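Here are some short exercises to work through with the model open beside you. Try each task before you read its solution.

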Amino acid sequence: AICVSVGAAAALLSNEIIVNGVEPRAPVSDLLKAANSVATILAICFVFVSYWYKELWDRLHRHLTRGHHLDVFVPYLPVFTSRRFWLEAVIIVGHVPPGYTFEFESVSVNNLAVYRAETLGAMLNVCRLYLLWWLYTDWMLYDLPNRHTVSHFAKVNFGSMFALKRALNSWNAFGHILGFWGILIVVFGYFYRSFEMTSCQLVGSTHPGCDDVTAKIWYTPNGMSTFEKHNDLYMWNACWFIFITMTTVGYGDITPNTHLGRFIATVACFLGLIIVAVATGALTNLMMFSPGEDSALVLIEREKARIEIRGTAVSIIALWWRKMRGTLTRRQAHPDTYFGYKSDFQTFKAKTHLDMEDCMGQGAKIDKVCSLVQIIGDRVGEMAKHLYSEALEKEKAEAEIIRTPKWAPRTPKAGSFQGTPKRSKGRSMSMFGLGVGPGGAGSFSSPTRSLPPGVEGVGGSPHRGRDGGE
């Protein structure tokens, strides 16, 4: 942005000193052209670097969104194969180098107009200023924290269009529109002045067409009359013409006499219509009530209804009193009078019964519903978490019961044995479910499983052990 601004300033200054009587090959003119050349080279280099970083950013985006392999080594070939880069390079590279100048002619409406190379180069350098739009975009988005992360998750492109929408939906929208409008008036005014003047009346002009009569005597646009051509170098006249063209007023005091001047006027007219429409929409958006203001208006209407319902009630009571005394006038005795008071009373009564939630605006009601839904969602989540934890504990308990083997020894109850338990040296009968160990009646043994009803574990049991005894 700095390079294109410096280059444009040098080109404009070089053209202005030539228009005001300085030779095109003067040292000061060549010095300004050299500064413009250096700024042009630096601008192209910076644009190339920006496209290189853009390619790196695209690779990173594909890696995060699609899982592509990330290669941080970016060659120069993708930048050189970009059509957009070459388009910007052509726009930026246009300038007049030092020590070089020329003139060319153009015939418009039977009028011969001669233009200098410095004038064309100045207009091309003004076109470079479109790069300042990216600076404006970054300025509009710099206060958005983590905008790249939010853009990735929300699938929203925080680019120039988003910045423009944000500018037009803010309280400073009208100021942005007026500033943009003023810039367009100055730029198009400069283009109009450059196209409507001829270099035949400048110092140092050597074009052979300047000796022609059509270069000195011009025809009016309708071709009915002629006038002697004089360059109007007053910039404010050109800006005035662009302003009245954009506002579709068109006094007719200034008229274009060349095809290029008419083209500039046509483009300015269309841009003026667009700017007026955008300004109208932005102003309408600013004039709309906010949700808080809507709520305040509804509350005021409720308070007014509370005051007016008392006056209506007094009128109804007074009408009833006059009817009871028989002093009603013909107009008061008409049924429409009573029903009118009754209708007003019911209307005011309905307004006085409005709650605070009913007085909210549409946006506030939506916010209220969203907050209630959020609270309900949190409560349902807590209940589901509680039920899930209970179900999980129940499953764990059931899993413990399933994992416990049926042959596991039971824990003996207190007082279920006498004496000191002895360790059996031989084979124990308890493993067969008899509950008698080789130590005799006084020994301790734990049954492996409970016997079915009607079966005795000792003496007279039909159960036969492995040793052959009953």
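A salt bridge here is a side-chain nitrogen of Lys or Arg within 4 Å of a carboxyl oxygen of Asp or Glu. This is a predicted model, in which local features need pLDDT of at least 70 and side-chain atom pairs count only at pLDDT 80 or more, while totals for chains, interfaces and linings use all residues. Residues are numbered from 1 along each chain as its sequence is written, and side-chain values use heavy atoms, with hydrogens and water left out.

**Exercise 1.** Find how many salt bridges the rule gives, and which residues are linked in a network.

Solution. Start with the count: the rule yields 10 salt bridges. Next, look for linked ones: Lys33, Glu103, Arg116 and Glu118 are joined in a network.

**Exercise 2.** Work out how Asp58 and Lys54 are placed in their helix, and whether each is buried or exposed.

Solution. Helices are DSSP runs (H or I, at least four residues), numbered from the N terminus. Step one: the two side chains meet in a salt bridge, 3.4 Å from N to O. Step two: Asp58 and Lys54 are about one helical turn apart because they sit four residues from each other in helix α2 (residues 27-66). Step three: apply the burial classes, where buried means under 20% relative accessible area, exposed over 50%, and partly exposed in between (1.4 Å probe, protein chains only). Asp58 has 23% relative accessibility, so Asp58 is partly exposed; Lys54, at 40%, is partly exposed too.

**Exercise 3.** Repeat the analysis for Arg59 and Glu55.

Solution. Their closest N and O atoms are 3.6 Å apart, in a salt bridge. Both residues lie in helix α2, again four residues apart. For burial, Arg59 and Glu55 are both buried.

**Exercise 4.** Now treat Arg84 and Glu88 likewise.

Solution. Their side chains form a salt bridge of 3.9 Å, N to O. They are four residues apart in helix α4 (residues 83-93), so about one helical turn separates them. Arg84 is partly exposed at 45%, whereas Glu88, at 10%, counts as buried.

**Exercise 5.** Which residue in the loop between α6 (132-141) and α7 (147-154) has a positive phi?

Solution. In general, most residues other than glycine have a negative phi. Asn146 has phi near 50° and sits in that loop. Its relative accessible area is 60%, so Asn146 is exposed.

Definitions and conventions: Helices (H or I, at least four residues) and strands (E, at least two) are DSSP runs, numbered from the N terminus.
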